[in-house]
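Colleague: I have a model here and would like to go through it with you, one question at a time. Shall we start with the charged side chains?

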Amino acid sequence: MKNDSKEKLLLELAKRVKELRKIKRVTQEDALNDTGIQFSRIEQGKRDIQLSTLNKLCEYFDISLKEFFDENFD
């Protein structure tokens, strides 16, 4: 994957995670305390997460992996 494609994907991931966190009405600190996941680097598009982390995020937001990618994910 080219760096531009990877960066774009990471930014889309960042946007989606931030959107879900805002919908849940929790701060990055609250989310960190609840999950042990550092949201700030994910939401900046600077962290490429593992599938297991994505699954944990989906559990936290009470959505499926399919729903994560279906809603507004380009």
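Colleague: How far apart are the closest N and O atoms of Asp-48 and Lys-6?
Modeller: Keep in mind that this is a predicted model. A salt bridge requires the side-chain nitrogen to lie within 4 Å of the carboxyl oxygen. Asp-48 and Lys-6 form such a bridge, and their closest N and O atoms are separated by 3.8 Å.

Colleague: Which parts of the chain does the pair of Asp-48 and Lys-6 link?
Modeller: The two residues are 42 apart, so the pair links distant parts of the chain. Lys-6 belongs to helix H1, residues 3–24. Asp-48 is in the loop between helix H3 (39–43) and helix H4 (51–61).

Colleague: Are Asp-48 and Lys-6 buried, partly exposed or exposed?
Modeller: Buried means under 20% relative accessible area and exposed means over 50%. Asp-48 has 49%, and Lys-6 has 36%. Both values lie in between, so Asp-48 and Lys-6 are each partly exposed.

Colleague: What separates Arg-16 and Glu-19 along helix H1?
Modeller: Their side chains meet in a salt bridge, at 2.9 Å from N to O. Both residues sit in helix H1, three residues apart. That spacing is about one helical turn.

Colleague: Which residue has a relative accessible area of 5%, Arg-16 or Glu-19?
Modeller: Glu-19 has 29% relative accessibility and counts as partly exposed. The buried residue, with 5%, is Arg-16.

Colleague: Which residue forms a salt bridge with Arg-21?
Modeller: The partner lies in helix H3, while Arg-21 is in helix H1, and 22 residues separate them. Both members of the pair are buried. The closest N and O atoms are 2.6 Å apart, and the partner is Glu-43.

Colleague: How many salt bridges does the count come to?
Modeller: Side chains of opposite charge can pair when their charged atoms come close. We have looked at Asp-48 with Lys-6, Arg-16 with Glu-19 and Glu-43 with Arg-21. These are among the salt bridges in the model, and the count comes to four.

Colleague: Which helix gives the most to the largest nonpolar core?
Modeller: This core has 16 residues, and those touching the most other members are Leu-13, Val-17, Phe-39, Ile-42, Leu-57, Phe-61 and Phe-68. H1, H3 and H4 each supply at least two residues of the core. The one that gives the most, with five residues, is H4.

Colleague: How far apart in space are Ala-31 and Leu-57?
Modeller: Ala-31 is in helix H2, residues 28–35, and with 0% relative accessibility it counts as buried. Leaving aside neighbours within four places in sequence, Ala-31 is in contact with Arg-21, Val-26, Gly-36, Phe-39 and Tyr-60. Ala-31 and Leu-57 are 26 residues apart in sequence, and their C-alpha to C-alpha distance is 9.5 Å.

Colleague: Which side chain makes a polar contact with the side chain of Ser-40?
Modeller: Ser-40 is placed in helix H3. Its relative accessibility is 19%, so Ser-40 counts as buried. The contact is at 3.0 Å, and the other side chain is that of Gln-38.

Colleague: How far apart are the end C-alpha atoms of H1?
Modeller: H1 has 22 residues, and at 1.5 Å a residue it should span 32 Å. The distance in the model agrees with that expected span, because the end C-alpha atoms are 31 Å apart.

Colleague: What covers the buried residues of H1?
Modeller: The buried residues of H1 are Leu-10, Glu-12, Leu-13, Ala-14, Arg-16, Val-17, Leu-20 and Arg-21. Their cover includes H2, H3, H4 and helix H5 (65–70).

Colleague: What is the phi of Arg-25, the residue that follows H1?
Modeller: Most residues other than glycine have a negative phi. Arg-25 is in the loop between H1 and H2, and it is exposed, with a relative accessible area of 76%. Although Arg-25 is not a glycine, its phi is positive, about 60°.

Colleague: Where is Asp-62, and is it buried or exposed?
Modeller: Asp-62 is not a glycine, yet it has a positive phi of about 60°. Its place is in the loop between H4 and H5. With 68% relative accessibility, Asp-62 counts as exposed.

Methods:
Residues are numbered from 1 along each chain as its sequence is written. This is a predicted model: local features need pLDDT of at least 70, side-chain atom pairs count only at pLDDT 80 or more; totals for chains, interfaces and linings use all residues. Side-chain values use heavy atoms; hydrogens and water are left out. Helices (H or I, at least four residues) and strands (E, at least two) are DSSP runs, numbered from the N terminus. Buried means under 20% relative accessible area, exposed over 50%, partly exposed in between (1.4 Å probe, protein chains only). A nonpolar core is a set of buried Ala, Val, Leu, Ile, Met, Phe, Trp, Tyr and Cys residues joined through side-chain atoms within 4.5 Å. Contact means heavy atoms within 4.5 Å. A polar contact is a pair of N or O atoms within 3.5 Å; within protein, one must be able to donate a hydrogen and the other to accept it, and residues adjacent in sequence count only if both atoms are side-chain atoms. The expected span of a helix is 1.5 Å times one less than its number of residues.
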